[in-house]
Amino acid sequence: MHYKTIMLTLLQQSPALHHKLRTSKQLLPALDRTASDLKTRHDYWISLLSQERPESAPEQITSEAMEIAVQEMRDALPNGSPQILPLPEPCSLDAAMASLRPPTLPA
């Protein structure tokens, strides 16, 4: 996985934060730190999803785990400072999956 590439893309989606990190010469340290956090969260979700759904294909588990981990990082960026980007507490699998599904429209 290219965790740094993913995190750079996420940081670039927050122009003010990206600019602040770049101009203060903190972009690379922040990128290293957040990429490491993303990998940690990805590994966590792979483990949890594998336990919850052992019948699922490993590729499916890996993909779903990455989607959840990236969403967590995306959610953490706007509220975090350039120095510390706190991640939310681990949530249940049901809550994580519900957050990834588009809302249903009333009939």
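A quick word before you start clicking: "exposed" here means over 50% relative accessible area, and "buried" means under 20%. Also keep in mind that this is a predicted model.

**Stop 1: helix α1.** Select residues 3–12, which make up α1. Now highlight Y3, M7, L10 and L11, the buried residues of this helix. Look down the axis: these residues sit on the same side of α1, because they span an arc of only 100° around it.

**Stop 2: helix α2.** Move on to residues 15–23, the helix called α2. Its buried residues are L17, H18 and L21. They share one side of α2, since their arc around the axis is only 100°. Swing the view around to the other side of α2 and colour P15, A16 and K20, which are exposed.

**Stop 3: just past α2.** Click on K25, right after the end of α2. Its phi is positive, at about 60°.

**Stop 4: helix α3.** Select residues 27–52 for α3 and pick out H42 within that helix. With a relative accessibility of 2%, H42 is buried. Show side chains and bring back Y3 from your first stop: the side chains of H42 and Y3 are joined by a polar contact of 2.8 Å. Y3 is one of the buried residues of α1.

**Stop 5: helix α4.** Finish with residues 58–79, helix α4, and find E64 there. Is E64 buried or exposed? Its relative accessible area is 11%, so E64 falls under the 20% cut-off and counts as buried. Add R53 to your selection: its side chain makes a polar contact with the side chain of E64, at 2.4 Å.

Conventions: Residues numbered from 1 in each chain as written. Predicted model: local features only at pLDDT ≥ 70, side-chain atom pairs only at ≥ 80, totals over all residues. Heavy atoms only, no water. Buried < 20%, exposed > 50% of the residue type's maximum accessible area, 1.4 Å probe, protein only. Helix = DSSP H or I, 4+ residues; strand = E, 2+ residues; numbered from the N terminus. Arc of directions from axis to C-beta. Polar contact = N/O pair within 3.5 Å; in protein donor to acceptor, adjacent residues only side chain to side chain.
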